[in-house]
Amino acid sequence: MSRLPVTPPSAALIGGEWVPTPYSLSVEAPATGEPLAEIARCEAEHVEDAVMAARQAFDGQLGDWNRWSARQRGEWLYTFAAAIDADAETLSALECADTGKPMSQAKGDIAVCARYFRFYAGAADKLHGETIPFENGYSVMTLREPFGVCAQIIPWNYPSQIFGRCVAAALAAGNTVVLKPAEDACLSVLHLARIATQCGLPPGVLNVIPGLGKEAGAALAAHPFINHLSFTGSPATGTLVTQSAAANHVPVTMELGGKSPQVVFADADLDAALAAVVRGIIQNAGQTCSAGSRLLVESSCYDEVLSRLTQRFSELRCDAGENDPDCGALINARQRAKLEDRLAEAQADGIRVAASGSLADSAPSGGHFVVPQVLVDIPEGHYVACEELFGPVLAVQRFEDEADAVRLANSTDFGLCAGIWTNDGGRQLRLAKRIRSGQVFINNYGAAGGIELPFGGVGRSGHGREKGFEGLKSYTQLKTVAIRHD
Ligand code: ADP
């Protein structure tokens, strides 16, 4: 078994206690394929206990969370953020080993996790309703109230970041949480939950139930006592989860996939554009919902862009995350086999690999590595340009003019992010308006991950917004109070 700096709890956090489960799941290291840890495997009964604990904590029957003021909640979030920073080395090592991502990215993710808690700590006591002018004799106001029990089902690609995004906002707004982390990578989340309890979070406010999606995840999504559900994952699972929640009229936020275009015009700063294009596809080995997995290039600079990309990709190395390579391993053997099959089919269809990176000499032999690559000669509508492949694979297409660029950018069912690279101000605005996407980045890609900016998709990429102040509001519901006094 690979060595970890600490052993994360192989139990579920329910009602403030670490509860062992009869069965466990083995977690493996993507970089070596070797076992890394054992985690709890929660079943329906554990989900039941966790939801009831969260309900009781919300109602004030367990602990005193329901009497905490917004300022007190904010203060706790600050304390927790500081504790995350203090334990960042351990958390980053867990994240790196568990997800296979490069160490510098794992460190960045832990820092972002702490930033979420700090951001929502400051925002907790700035959330307010409004007064509404109405007929004489009435006073009308809106109250912004927490939902109650928030169910959160999160994926394996950014466990600690997404934990921060969802948990910090939900708690700042006064909710309680039952969080189901992904079976493929949840060690940092379990350690974060341990730190949270050590920081004095009252029992039942945060419950963490590791397990399989079809067991713990399905039971949580279908539970009639949850009041809100936030899901981040694949569109197919998002559909199942939405259907379960709909049966109980539970509101959902869906953060699903993407096939996000980076649109490069000949007048752009190509150095800046290409650096961001490469980063946007190799980050987390392309296993990022907002990966810039399509590159649309204006015909007049296509050859130059391709030759520069070829050079850059040839320098990219895959290796174990601890060696801080350009690109880490994919999460598991299944994901790697799925991607390799798709790539083999694409080559059989005449699609060409124009450039690729390579495996570092130090890369462990059992790792789930797929080298970064650039695909060209893609017929319009081919799946490599429409389907989320979830790997370090960039699909390149050329366009003739602005209208063609918009048409191609909008040619998938997804709509998460788009990068536009041009120095023409009018064109920047026209494209920002015409491209169907939750986020449009002009002369940058991802706005350095800005946690302050609302984030979410349109179409198959999902609905609802997380991050930023909007994300805090999304964990509240409005109550209208109309008082007749004359
Ligand atoms: P992937 O296929 O890439 O693992 P998923 O969308 O299936 O992505 O996983 C995202 C999260 O959803 C994980 O925590 C997973 O355990 C959970 N999950 C998977 N299947 C279900 C399901 N049927 N119901 C609820 N949650 C699920």
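These are my notes on the ligand shell and the two domains of this structure.

**Before starting.** I'm working with a predicted model, and I'm using residue numbers that start from 1 along each chain.

**Ligand shell.** I started with the ligand and looked up who surrounds it. I found 16 residues around the ligand. Those that come nearest are Gly213, Gly217, Gly233, Ser234 and Thr237.

Next I wondered which helix gives the most to this shell. It's α7, with five residues. I can find α7 at 213–221. The other helix I noted is α8, at 235–247, and like α7 it supplies at least two residues of the shell.

Then I sorted the shell by class. I got eight nonpolar residues, five polar ones and three charged ones.

**Two domains.** I moved on to the chain as a whole. It splits into domain 1, covering 12–256, and domain 2, covering 261–451. Taken over C-alpha atoms, the domain centres are 31 Å apart.

How many residues does each domain bring to the contact? I noted 24 from domain 1 and 21 from domain 2.

**Domain 1's side of the contact.** I stayed with domain 1 and checked which helices touch domain 2. Both α3 (88–99) and α4 (103–123) supply at least two residues of that side. The largest share comes from α4, which gives eight residues.

I finished with the classes here too. On the side of domain 1 that touches domain 2, I wrote down twelve nonpolar, seven polar and five charged residues.

Methods: Predicted model: local features only at pLDDT ≥ 70, side-chain atom pairs only at ≥ 80, totals over all residues. Near = placed C-beta within 6 Å. Helix = DSSP H or I, 4+ residues; strand = E, 2+ residues; numbered from the N terminus. Nonpolar A, V, L, I, M, F, W, Y, C, P; charged D, E, K, R; others polar. Domains from an automatic or database assignment. Contact = placed C-beta atoms within 7 Å.
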